[in-house]
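Q: I would like to learn how to read the interfaces in a model like this one. Could you walk me through them?

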Number of protein chains: 2
Amino acid sequence: MKLSFEKDHLMNGINIVLKAVPSKTTMPILECILIDAVSDEIKLTGNDMELGIETKVEGTILERGKIALDAKLFSDIIRKLSGENSTITIESDEKYNTTITCDKAIFQIQGKDGDEFSYIPHIERDKFITLSQFTLKEIIRQTIFSISPNDSNKMMTGELMEVTGNELKLVSLDGHRMSIRKVALKEQYSDIKVIVPGKTLGEISKILNGDNDSEVQIFFSTNHIMFEFDDTIVLSRLIEGEYFRINQMLSSDYETKVTLNRRDFMDAIDRASILVRENDKKPLILNFTDEEMELKMHSAFGTMDARLAITKFGKDLMIGFNPKFLGDALRIIDDEEVTLYMMNPKSPCFIRDEEETYIYLILPVNFNAAAI
Amino acid sequence: MKLSFEKDHLMNGINIVLKAVPSKTTMPILECILIDAVSDEIKLTGNDMELGIETKVEGTILERGKIALDAKLFSDIIRKLSGENSTITIESDEKYNTTITCDKAIFQIQGKDGDEFSYIPHIERDKFITLSQFTLKEIIRQTIFSISPNDSNKMMTGELMEVTGNELKLVSLDGHRMSIRKVALKEQYSDIKVIVPGKTLGEISKILNGDNDSEVQIFFSTNHIMFEFDDTIVLSRLIEGEYFRINQMLSSDYETKVTLNRRDFMDAIDRASILVRENDKKPLILNFTDEEMELKMHSAFGTMDARLAITKFGKDLMIGFNPKFLGDALRIIDDEEVTLYMMNPKSPCFIRDEEETYIYLILPVNFNAAAI
């Protein structure tokens, strides 16, 4: 095999497929990037068996072939080779000895047989939706923070992706809170309901260029989801099982409705959080009265007391929250003002907009009212 | 005690003295910042008993007094309080309960008796030098990388600071290499020869504003060095003992003199280093022939071969180096071209300019010529 590339084209391709290369594995071949130039195009592939990424790279095929190269070494070498527009040639012999040349620097590294590498499985392209890269990137960002980081409940490490008519919905929850984002698609599609691993969504949102004019197609099969955009496909296994019945958790009843400036609320929460160390479960107490919210934090390090102007409808209320959960939701909302809907100190608080394009549910925490 | 500050003044002062607050200590009082407003000015102090920093902060004294506050908590609170020009008030009572107020946020934390805090010792101001903050910051940066990171030889963790007439010299060495920087002072001074802890130089170079028009005065006593600049004094213990006889290690003889582009040399070394993992002692082999230098690296990961144009005087030479040591020296030299002076594959290589304002000595490493 003998190929030549412009450095920046090759580097971009490597950076994309690297997202699917596992850092630790018992199968050394998975730590490689496959360069496939068997046909008329050059494709790079990374695959950790859960998530696989394949991308086309512009370049010249001087001699067809394929080779698997250690991903870390290969990417380090290309990154360090001179200027953006330098020409890089990669040549491998029948023993997989690979020579990488650029200007007056020559690297020789040992590659592996490309046939040992697992290709990304083929899936049918009949069931799919289309949306802008920008939208997909945004709704992932606005929900992924509330997946569960630990594996004890597999379902909570993924997100529900549901299509009904022309509506796409993403949902994540971790037992303490839930995030829902809905967007309108340009067309009507048949119903879809799958659970996508959080890792897949995290990696794909790093690769998406976030451009409003570029589209991404998402294909669904029984066990897989595939994202196709630009010259790249990302394929991932789905999480099996039935997702939580989220509609049972939702409610539009409330006794107290409060609207306030998002930025000010977030800043006050950040300040209160200074007094909380990790693993320390001190609640932030919110006391809603007419036109004012008092925030109180009391911990071993000291106390904080702050007041913010609010617009309130309904009853006065004193309620406690984990400040991190409130802060996480407020941070990713783009609106200048947010509205909270609450029933009582034991029932979930909903932060949502009028059209319900976003709904953030946060469970309150108990607090000892006498100690306030 | 009751004081008021503009947020940014107080924050700047905290950031300066924080450099002397230890993160771990058996004496909790040292984890504090002392606020001293006993007289007509407000001073903040951090002190880990090796290094002490005191800085004046602009503010209003509403009631005199002093208090020691936990440094992390205090700095976190001030950092998170609103806008740059907000007014912050700090008030403490006779039980050291401290209230920090800004806009509508009120923090209450427990302080400690300021009298328990160790003041920075007083030293005589008779022996001193003056130079620009810019110069001091630069010469620290250009020598500190070659102090020894481990304590097994205390002397190697510090730098020699020597004043002779109007010349200031900084020297660091770690057993494999040595860095010397000399600068001319504006005046003649009496001779000084002290060993300053590397940690002190590292912290002071972070605080210096690096301005060519601002000066710093350095005072010397038997056991201490004190830096005074802007509204800040930094006092540090010296390392006791007699420094290495560095003049015995220097030589102006050479058999091979090579001049080349610094940037290209550095880039080639960076590339070769890709093939070296930490703790892996693979030498970079340099082969100097007429008009060309070949760089070769051979490791378990592969080989690299590169060529650079050079101007050579004297004999051909093949010599091996730890690529990190070469790279460290080349990275902090500002000149476009560098000149190497070498005797043979067993003797040190000197990188220096004509005027010897800098001298970097690097010991070569053995290599198996047969394996090249």
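A: Happy to. Let us start inside one chain of this predicted model, where about 1300 Å² is buried between domain 2 of chain A and domain 3 of chain A. Carbon and sulfur atoms give 53% of that area.

Q: Where do these domains begin and end, and how far apart are the C-alpha centres of domain 2 and domain 3 of chain A?

A: The domain assignment splits chain A into domain 1 (2-116), domain 2 (128-244) and domain 3 (250-371). The C-alpha centres of domain 2 and domain 3 of chain A are 28 Å apart. Their contact draws on 12 residues from domain 2 and 15 residues from domain 3.

Q: Which residues in domain 2 of chain A lose the most area to domain 3 of chain A?

A: Look at A:Arg177, A:Met178 and A:Ile180, which together account for 41% of what the domain 2 side buries. Now place that side on the secondary structure: helix 3 (133-141) and strand 13 (177-197) of chain A each give two or more residues to it. Strand 13 gives the most, with 6 residues. By class, this side has 3 nonpolar, 4 polar and 5 charged residues.

Q: How many salt bridges are there between domain 2 and domain 3 of chain A?

A: The count is 3 salt bridges. A pair to find on screen is A:Asp334 and A:Arg141, whose side chains meet in a salt bridge at 3.7 Å, N to O. Across this interface there are also 8 residue pairs in polar contact, both residues at pLDDT 80 or more.

Q: Let us turn to the two chains. What area is buried between chain B and chain A?

A: The same kind of reading applies here. About 2300 Å² is buried between chain B and chain A, and carbon and sulfur atoms give 59% of it. In chain B, the residues that lose the most area to chain A are B:Lys80, B:Arg271 and B:Ile274, together 25% of what that side buries. Each chain brings 25 residues to the contact.

Q: Which side chains form the salt bridge between the chains?

A: The count is 1 salt bridge, and the side chains of A:Asp270 and B:Lys80 form it, at 4.0 Å, N to O. There are also 6 residue pairs in polar contact between the chains, both residues at pLDDT 80 or more.

Q: How do strand 20 of chain A and strand 9 of chain B run, parallel or antiparallel?

A: They run antiparallel, joined by 5 bridges. To get your bearings, find A:Met304, which stands opposite B:Phe107 in strand 9 of chain B.

Note on methods
Residues are numbered from 1 along each chain as its sequence is written. Chains are lettered from A and ligands numbered from 1 in the order in which they are written. This is a predicted model: local features need pLDDT of at least 70, side-chain atom pairs count only at pLDDT 80 or more; totals for chains, interfaces and linings use all residues. Side-chain values use heavy atoms; hydrogens and water are left out. Contact means heavy atoms within 4.5 Å. Buried area is the accessible area (1.4 Å probe) that two parts lose on being put together, summed over both. A polar contact is a pair of N or O atoms within 3.5 Å; within protein, one must be able to donate a hydrogen and the other to accept it, and residues adjacent in sequence count only if both atoms are side-chain atoms. Two strands pair if DSSP finds at least two bridges between them. Helices (H or I, at least four residues) and strands (E, at least two) are DSSP runs, numbered from the N terminus. Domain bounds come from an automatic or database domain assignment. Ala, Val, Leu, Ile, Met, Phe, Trp, Tyr, Cys and Pro count as nonpolar, Asp, Glu, Lys and Arg as charged, and the others, Gly among them, as polar.
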